[in-house]
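Student: Could you take me through one part of this model closely? I would like to hear about the salt bridges and who takes part in them.

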Amino acid sequence: MQFREKMFSFASFSSHKRSRRDSVQNLCAFSTIGLAFLGLWVPVNFVTEEPGPTFNTIGSYKDQQLISIEGEKTYPVTGALDMTTVSVAGGPNTDISAVHVLSTWLMPDTLVLPSDLVYPHTLTREEVTEQNTVDMANSQEVAQAAALKYLGKPFKEKMTVARLTKDNPNSDLIKPGDVLISLNGQKIEHYEQIAEILSRTGDKTLDAVIEREGKEEHLSLKPSYDEKNQKYILGLFLGATYEFPFKVNYGLEEVGGPSAGMMFALGIIDELTEKNLTGGKHFAGTGTIDAQGRIGEIGGIAQKMVGARQSGATTFIAPEKNCGEVIGHIPDGLSVVAVSTLDEAVHAVEGIAAGKPADSFRQCTDS
């Protein structure tokens, strides 16, 4: 009896000890699961890129025309000239969780990158938003300049000094706000002209005409030598300002960045041209543009092509400089034409609208 009682007491003690141990193990397990679950919702330092919405530059959005022109005759348009976008999350833009990053990474046609590869770590969300807004407004203005040059319509373009480089030898002569009119008798319409002139003149002093407070002044500007890039420079940071004969209004505020420039220019040309540019067909595209009509590369083109196809586009106009990212990522049912100038883009759209096959225009190839 005594043995049995001792055995019973021992058994009771062992059961109690095991119960406490199991409780601790269960608590640890639940805590680990809970911490892991919470960890999935903690903001992480990544950026995700997904196909974004498209916007028809010759159509409307929220009952408002994307491009409306005041003070100039316009013509009816059909079809679509879609500007394409990328939906970006993370980095300074938004706080995203590990769940979002993981789910995006598992989806097709998406991109996940460390935030530091996309944005400087010191950049704030407000600075990103502000820069995207400025870039969009600038791309719209430059698109109008490029479209008017293509159409042969006159407008005024000025190269205004934004600032000077440090230790500039001309700092006592030229000031921010001055408009650079000519160098050595050549009218200055874009920044590259200065480099072309300096490549010919070297260290020789240049005869400059500027406009200051509405009056023209003649200056003698001395070039300096840029050791890093091994060339002569004037050390001027110039920005273009324009005076157009009519006004173009843009009915889109939700999107930022410079990559819609080419599609805005095409939309303006279509609305100002009696002949229907698209022939009623559905085009999409992307690309920056400068006032000379040169098309520049952009980011996220793989996602933009997917968004274009999802919206019903059958032809995509892409910057030639993006061809390396186009190859291998073209969605089924979408043809891609590579362009480097606005002239080429207009020619391709007109040709395809008239029935020419897309592959009769420049394609992105491995070579």
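Tutor: Happily; here is a look at the salt bridges, followed by a short visit to two helices.

This is a predicted model, in which local features need pLDDT of at least 70 and side-chain atom pairs count only at pLDDT 80 or more, while totals for chains, interfaces and linings use all residues. Residues are numbered from 1 along each chain as its sequence is written, and side-chain values use heavy atoms, with hydrogens and water left out.

Side chains of opposite charge can pair when their charged atoms come close. Here a salt bridge means a side-chain nitrogen of Lys or Arg within 4 Å of a carboxyl oxygen of Asp or Glu. The structure holds eleven of them.

Let us start with the pair of glutamate 243 and lysine 158, whose side chains meet at 3.7 Å, N to O. Glutamate 243 lies in strand 14 (residues 236-243) and lysine 158 in strand 7 (residues 156-164), so this salt bridge ties together parts that are 85 residues apart in sequence. Strands are DSSP runs of E with at least two residues, and helices are runs of H or I with at least four, numbered from the N terminus. The pair also belongs to a network of salt bridges that links Lys158, Glu211 and Glu243.

How covered are these partners? For that, buried means under 20% relative accessible area, exposed over 50%, and partly exposed in between (1.4 Å probe, protein chains only). Glutamate 243, at 42% relative accessibility, is partly exposed, and lysine 158, at 24%, is partly exposed as well.

Another salt bridge joins glutamate 157 to lysine 149, with the closest N and O atoms 3.3 Å apart. Glutamate 157 counts as buried because its relative accessibility is 14%, whereas lysine 149, at 33%, is partly exposed.

Lysine 187 and glutamate 189 form a further pair, with 3.9 Å between the closest N and O atoms. Lysine 187 is exposed, with a relative accessible area of 52%, and glutamate 189 is partly exposed at 31%.

Now for the helices. In helix 6 (residues 261-272), twelve of twelve residues are buried, among them the charged-type residues Asp270 and Glu271. The expected span of a helix is 1.5 Å times one less than its number of residues. Helix 6 reaches 17 Å from its first C-alpha to its last, close to the 16 Å expected. In helix 9 (residues 342-353), the end C-alpha atoms are 16 Å apart, which agrees with the expected 16 Å. Its buried residues include Leu342, Val346 and Val349. Glycine 355 follows helix 9, with a positive phi near 110 degrees.
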